[in-house]
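Okay, thanks everyone for coming. I'll talk through one model today, so have the picture up where you can see it.

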Amino acid sequence: MQTLSAQEARQISLASLGVTRGLETIDQVIETLNLIQIDSVNVFARAHLMPAFTRIGNYDLAEFERLAFGAGAKPSYLEYWAHCQALIPERDWKLFEFRRNEYLNKPSIQEILKPGNKTAQWVFGELRQNGAMTISEFEHDLNKRGGSWWGWSEVKVILERLVFAGVVVSAGRHNFQRKYSLNPSFGESSGLTKDQQIQTLLVQAATSLGVATEADLADYYRLTRPTARPHLKQLVEQGALEIVEVDSWKDLAFIAPGLLSKPQPDGTDQRPLKLVNPFDPIMWNRERTKRLFDFDYLIEIYTPEAKRKYGYYTLGLLYGDRLIGRVDLKHERKGRQLIVQSLWHENLAAAELEEITPWLQQELELSMNWVGAETLIPPTKGNWPLMAGLS
């Protein structure tokens, strides 16, 4: 069994996640990650927009809108509860048949599908008559926000449960509102067994993460560890995965064959510092982030403002193979400003700050151009002053 240093594990993981591989297109990003988590927080840029920016830089947001949500046409990617709500390649829809079947058999779904459920039957009728619809297009007394399920209306709850079960699918989005549509392929079999689906997902998770524990791999597609464990054992026996040790990791790790011999980055990255969203697989598993980067991260959206340490929605700052700080950005769209609300480094020495600050400034200016802001406002909070050269 091969033993990796912590740095080797980081470098393999970052290369596998496409950070140091010279990706050039949005398609390449989703092919590398296999999924992109969707989130609605829009203080800087929505979470699903960020993984491509981290990897390829200033890309066309309209192109992402077209690929992900259709922009008036059929989306290139599909939405499903893969990690959380996520974009996935169309080819992977069949790999979640087992999950859709599990939802379909839940009493709450079966209750919706009963012929006597008048509200659900009305929803089906609207979709059959009108085709794809956003929630605001359903005109019904029960389509009013309530107190449960994030304040969803009864109609919204029905639609989302049917999405989980695959009876209804997302046909793209308009102004970030999901467009619901009846699934014309509902009931068709993928031809894959549940075991085949789960094992394919685990191999994909390993290919994306590079070096990963059982817990890491299970988390990628929201499997339980008891579910993943026998499949990982079988995949190792088949040669689809290998086991390695990583210095300072308590648990053994898994790696896809061939990743150990892949060349490391050559050190010529033109963006050595990159912004990382907390819902990027680089950082979404907080325990893995601590283990891989020795970086503690807590999202403070739900923390009262007076108790926040770093900011409302801080992004990680990845420099080479280290997470060396965090920044809280706000895109003030009306004033076309990108406001650096706070900026923090992780106990960097003065010489490192001097070395890294120009790269940080370059990345912030790139971010400003990407979101369409015109002015970058320096931070007023944090331990990393950034003044000179900001326009």
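I'll go through a sheet, a helix pair, and then a few single residues.

One thing up front: this is a predicted model. Keep that in mind as we go.

Let's start with the sheet. It's an open one with four strands, in the order S1-S9-S10-S8, and the pairing is mixed. Which strands stand at the edges? Those are S1, residues 2-4, and S8, residues 211-213. Each has a single partner strand, so one side of each has no neighbour in the sheet. Going from one strand to the next, the twist averages 45 degrees.

Now let's walk across it. S1 pairs with S9 in the parallel sense, over three bridges. If you want a spot to click on, Gln2 has Val244 in S9 as its bridge partner. Next step over, S9 and S10 run antiparallel, again with three bridges joining them. There you can find Ile243 opposite Phe254 in S10. These two strands form a hairpin, with six residues between them. In that turn, Ser248 has a positive phi of about 75 degrees. The last pair is S8 with S10, residues 253-255, antiparallel over three bridges. Thr213 stands opposite Ala253 there. As a general reminder, strands of a sheet pair through backbone hydrogen bonds, parallel or antiparallel.

So what lies across this sheet? Helix H1, residues 6-16, lies across S1, S8, S9 and S10, and it runs at about 85 degrees to S1. Quite a list of H1 residues is buried: Ala9, Arg10, Ile12, Ser13, Leu14, Ala15 and Ser16. Yes, Arg10 is on that buried list. Just after H1 you hit Gly18, with a positive phi of about 80 degrees.

Okay, on to the helix pair. H7 is residues 118-130 and H8 is residues 154-165; their axes come within 10 Å and cross at roughly 70 degrees. Angles from 65 to 115 degrees count as roughly perpendicular, and therefore H7 and H8 are roughly perpendicular to each other. Which residues meet there? From H7 you have Thr119, Ala120, Trp122, Val123, Phe124 and Leu127. From H8, it's Glu154, Val155, Ile158, Leu159 and Leu162. By class, that contact has nine nonpolar residues, one polar and one charged.

Now the single residues. Take Gln199, which sits in helix H9, residues 194-209. Is Gln199 buried or exposed? It has 11% relative accessibility, and the cut-off for buried is under 20%, so Gln199 counts as buried. Leaving aside neighbours within four places in sequence, Gln199 is in contact with His231, Gln234, Leu235 and Gln238.

Last, two loop residues with a positive phi. Asn34 is in the loop between helix H2, 26-33, and strand S2, 36-37. Its phi is near 70 degrees, and Asn34 is a residue other than glycine. Asn34 is buried, with a relative accessible area of 5%. Then there's Arg336, in the loop between strand S13, 322-332, and strand S14, 337-345. Arg336 isn't a glycine either, and has a positive phi of about 55 degrees. How about burial? Arg336 comes out at 39% relative accessibility, so it counts as partly exposed.

That's what I have, happy to take questions.

Key. Residues are numbered from 1 along each chain as its sequence is written. This is a predicted model: local features need pLDDT of at least 70, side-chain atom pairs count only at pLDDT 80 or more; totals for chains, interfaces and linings use all residues. Side-chain values use heavy atoms; hydrogens and water are left out. Two strands pair if DSSP finds at least two bridges between them. Axes are lines fitted to C-alpha atoms, for helices over the stretch in contact, and angles run from 0 to 180 degrees between N-to-C directions. Contact means heavy atoms within 4.5 Å. Buried means under 20% relative accessible area, exposed over 50%, partly exposed in between (1.4 Å probe, protein chains only). Angles under 35 degrees count as roughly parallel, over 145 as roughly antiparallel, 65 to 115 as roughly perpendicular and the rest as oblique. Ala, Val, Leu, Ile, Met, Phe, Trp, Tyr, Cys and Pro count as nonpolar, Asp, Glu, Lys and Arg as charged, and the others, Gly among them, as polar.
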